[in-house]
Amino acid sequence: MKKNINTIRIVFIICTLFIAYNLQAQENHIQFSVVNDTAHVDNNIPVDSLGNMLGIEEDSDLFDNVDHGDGMLFSYFNWMPGYGLYQNFNIISIHYKHVGSAPRDTLILDGYHHPANYKKTSDYGWRGRRMHRGVDLGYPVGTPVASAWDGMVRISKGSNTGGYGNLVVIRHNNGLETYYAHLSRRLVNPGQIVKAGDIIGLGGNTGRSYGSHLHFEIRYLGMDINPNKLVDFDNFQLKHDTMFVSGYNVSTPNPTPEQQQIQQQPPKPKPAAVYYKVRPGDNLGRIAQKYHTSVSKLKKLNHLRSDFIRDGQRLRVR
């Protein structure tokens, strides 16, 4: 009997993960709450159909059976991105709040897909008294927006997003979270598994936005990271395939020996100056033509205030 009750409880919790997206799409029809680690949904879904719907075996052991007592519904599932690193999988609160500083770790960043090939219109950093915690990319309305890495959708909201407008937040298998804001449409739901390059929404101008663009953030355990440290936004690719984290410090690998050698090479010496001795009948136009330059450059090189030159005068031509 006890085993059957636990099985039903597991099935209901998993079902809630996959239908929780209706908080946004049908928030007037579905009410969701968590009390003492128990999910409550007002929709009546037949229990005997859940296993077939989700592809779950009756005796599946889907979580570690450790009761943390933290009231967070999705803290147990070992198949979720960041399991063991993050302390919950909260599909309601936009920003993850970590207790303590980040542990020392190395994150593998390969498999990146640029959200879309558009250049930056606004950078990471302070805007007066407000911190801009991401970069803005100049996406036209309706432009497909892709997931940066493999992962699972944690947030898909269209209101009460603190200025983000239509917002999607994805927790990735590498431990990062990415934010995609001001979307015109959201095409994914909380709990949905996505691959790098999957279309998750369309570019737009919702929320606190003055013109169509995508606001793109990268975070780790709730801590915002300057995306320019990781991504080359001019060439739409990663700068590094690993990232190091220790406490509140984020760093990327040092340049390779080959890159260091290139950086340490002394600058090329400037070409030696070339001079010309003015002959009878010469003028600046004729001399400029001979040396494939212009009269204005000759005058600048020789500090001439007029076009007058005299025979025997030594002029610099390069």
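This passage describes the nonpolar cores, strand pairing, salt bridges, one pocket and two backbone features of a predicted model.

The largest nonpolar core of the predicted model comprises 36 residues, and within this core L176, Y180, Y220 and M243 have the most contacts. Several strands contribute at least two residues each to this core, namely strand 3 (102-108), strand 7 (135-137), strand 10 (166-172), strand 11 (176-183), strand 15 (214-220), strand 16 (223-225) and strand 19 (242-247). Of these, strand 15 gives the most, with 4 residues. Another core lies apart from the largest one and consists of 11 residues, including I287, A288, L304 and I309.

The pairing of strands was examined for strand 9 and for a separately described open sheet. In strand 9 (residues 151-157), 7 of the 7 residues are buried, so this strand is largely enclosed by the rest of the structure. Strand 9 pairs with strand 10 in the antiparallel sense over 6 bridges, and within this pairing G151 has H172 of strand 10 as its bridge partner. Strand 9 is also joined to strand 13 (residues 193-194), again in an antiparallel arrangement, through 2 bridges, with M152 standing opposite I193 of strand 13. Strand 10, the partner of strand 9 over those 6 bridges, is also among the strands that supply at least two residues to the largest nonpolar core.

An open sheet is formed by 3 strands in the order 8-14-12, with antiparallel pairing. Strand 8 (144-146) and strand 12 (185-186) occupy the edges of this sheet and have a single partner strand each, so that one side of each is left without a neighbour in the sheet. Strand 8 is joined to strand 14 (residues 199-202) by 3 bridges, the two strands running antiparallel, and P144 stands opposite L202 of strand 14.

The structure holds 7 salt bridges, of which three are described here in terms of their geometry and accessibility. Side chains of opposite charge can pair when their charged atoms come close. The side chains of E177 and R171 form a salt bridge with an N to O distance of 2.8 Å. Both partners of this pair are buried, E177 at 1% relative accessibility and R171 with a relative accessible area of 1%. Salt bridges that share partners further join R154, R171 and E177 into one network.

A second salt bridge links R133 to D224, with the closest N and O atoms 3.0 Å apart. Because R133 lies in the loop between strand 6 (130-132) and strand 7 whereas D224 lies in strand 16, this pair ties together parts that are 91 residues apart in sequence. The two partners fall into separate accessibility classes, R133 counting as partly exposed at 33% relative accessibility and D224 as buried at 17%. In the salt bridge between K120 and D123, the closest N and O atoms are 3.2 Å apart. Here K120 is partly exposed, with a relative accessible area of 30%, and D123 is likewise partly exposed, at 37% relative accessibility.

The second largest pocket has a volume of about 420 Å³. Its lining is made up of 18 residues, of which R127, R130, H132, R208 and H215 lie nearest the centre of the pocket. By residue class, the lining of this pocket divides into 3 nonpolar, 8 polar and 7 charged residues. Strand 6 and strand 15 each supply at least two residues of this lining; strand 15 is also the strand that gives the most residues to the largest nonpolar core.

Two residues other than glycine have a positive phi, and both lie in loops between strands. L221 has a phi of about 50 degrees and is placed in the loop between strand 15 and strand 16. This residue is buried, with a relative accessible area of 6%. For F236, phi is near 60 degrees, and the residue is located in the loop between strand 17 (231-232) and strand 18 (237-238). In contrast to the buried L221, F236 counts as partly exposed, at 23% relative accessibility.

Note on methods:
Residues are numbered from 1 along each chain as its sequence is written. This is a predicted model: local features need pLDDT of at least 70, side-chain atom pairs count only at pLDDT 80 or more; totals for chains, interfaces and linings use all residues. Side-chain values use heavy atoms; hydrogens and water are left out. A nonpolar core is a set of buried Ala, Val, Leu, Ile, Met, Phe, Trp, Tyr and Cys residues joined through side-chain atoms within 4.5 Å. Buried means under 20% relative accessible area, exposed over 50%, partly exposed in between (1.4 Å probe, protein chains only). A salt bridge is a side-chain nitrogen of Lys or Arg within 4 Å of a carboxyl oxygen of Asp or Glu. On a 1 Å grid over the protein atoms alone, a cavity is a set of points where a 1.4 Å probe fits but cannot get out, and a pocket is an open set with protein on both sides within 12 Å along at least five of seven lines; lining residues have an atom within 4 Å of a point. Grid points are joined across faces, edges and corners, and a volume is the space filled by probe spheres set on the points. Ala, Val, Leu, Ile, Met, Phe, Trp, Tyr, Cys and Pro count as nonpolar, Asp, Glu, Lys and Arg as charged, and the others, Gly among them, as polar. Two strands pair if DSSP finds at least two bridges between them.
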